[in-house]
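Here are some short exercises on backbone angles and aromatic rings. Try each task before you read its solution.

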Amino acid sequence: MLALLSTIAAVLVVAKAQEPGVIFATFDGANGTTLVWTAVNDPVMGGVSNSKFSVNETIRSLVWNGEVKIVPSLKAPGFANLENVGLRRFPDASAYTHILIHADLGEYYNYSGYKFSFAADTLNPQFKSFKADFPAVKGSGFTTIAIPFTKFSNDWSSFTGECSTKDPTGYQHHCCTPEHPEVCVTPKNLKDIEQLGVWAEGVAGKFSIKILWIGAGNA
């Protein structure tokens, strides 16, 4: 009995730790968090990837699916991107440690090219945003995915979406490390978030994701 109570307590602690401290986006029509979204896929750069999105009014979630394909000219996977239209001032996230995404990865849960980005203090919100991978999570429904702010870098490759790769030009990108603090998220950046993005990038394959909300919190 004691062991069972300990297990329940542990589950409750995890659930509480992943409650959002601030909410950036919902899909329920609420004022302030219901945003206008647009899909930007790699055909704008000569690719052939595709994606589309809708809002499921029954469960009040975003539904985004598509397929990342090989870019013929690069012979490498391209990207699909979903971002909110325009720039806006989001709630201050500087008191928190993680981006939180309450999502269901559905039948393509093993797709490994998901990324999340946010723009802050930049004149180039799409390609100088802070970006990080987020893990594929197998499950039977919605779960909260937590991405530490320490995993984000604003020095990522437009060829791969990764901060650890070298471009064909020879330029080496850098992830957030003690050796490269200049690419890391700062408290000021977390006060100045202006745009959000969800990506399927750098990995060829089909993907599908439902999102109930996006926010920030501690995990």
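Start with one ring in this predicted model. Trp156 has a relative accessible area of 5%. Buried means under 20%, so Trp156 is buried.

**Exercise 1. Find the partner of Trp156, classify the pair and place both rings in the chain.**

Step 1. The partner is Phe127. The two ring centres are 6.0 Å apart.

Step 2. The planes make an angle of 40 degrees. Stacked needs under 30 degrees, and edge-to-face needs over 60. The pair is therefore tilted.

Step 3. Phe127 sits in the loop between β9 and β10. Trp156 sits in the loop between β11 and α2. The pair links distant parts of the chain, 29 residues apart.

Step 4. Check the exposure of Phe127. Its relative accessible area is 27%, so Phe127 is partly exposed.

**Exercise 2. Count the aromatic pairs, then describe the one formed by Phe118 and Phe149.**

Step 1. A search of the whole structure gives 14 aromatic pairs.

Step 2. Phe118 and Phe149 are 6.0 Å apart, centre to centre. Their planes are at 85 degrees, and the pair is edge-to-face.

Step 3. Phe118 belongs to strand β9. Phe149 belongs to the loop between β11 (143–148) and α2 (187–191). The pair therefore ties together parts 31 residues apart in sequence.

Step 4. Are these rings buried or exposed? Phe118 is buried, at 0% relative accessible area. Phe149 is buried too, at 7%.

**Exercise 3. Name the members of a ring cluster, and find charged side chains over rings.**

Step 1. Ring pairs join Trp64, Tyr111, Tyr114, Phe134 and Phe207 into a cluster.

Step 2. Lys131 lies over the face of Trp199, at 3.4 Å from the ring centre.

Step 3. Arg88 lies over the face of Phe90, at 5.4 Å from the ring centre.

**Exercise 4. Explain what stands out in the phi angles of Lys75 and Asp121, and place both residues.**

Step 1. Recall the background. Most residues other than glycine have a negative phi.

Step 2. Lys75 is not a glycine, yet its phi is positive, about 55 degrees. Asp121 also has a positive phi, near 55 degrees, and is a residue other than glycine.

Step 3. Lys75 lies in the loop between β5 (70–71) and β6 (76–77). Asp121 lies in the loop between β9 (114–120) and β10 (130–133).

Step 4. Lys75 is exposed, with a relative accessible area of 71%. Asp121 counts as partly exposed, at 39%.

Notes:
Residues numbered from 1 in each chain as written. Predicted model: local features only at pLDDT ≥ 70, side-chain atom pairs only at ≥ 80, totals over all residues. Heavy atoms only, no water. Helix = DSSP H or I, 4+ residues; strand = E, 2+ residues; numbered from the N terminus. Buried < 20%, exposed > 50% of the residue type's maximum accessible area, 1.4 Å probe, protein only. Phe/Tyr/Trp six-rings, centres within 6.5 Å; stacked < 30°, edge-to-face > 60°. Lys NZ or Arg CZ within 6 Å of the ring centre and 35° of its normal.
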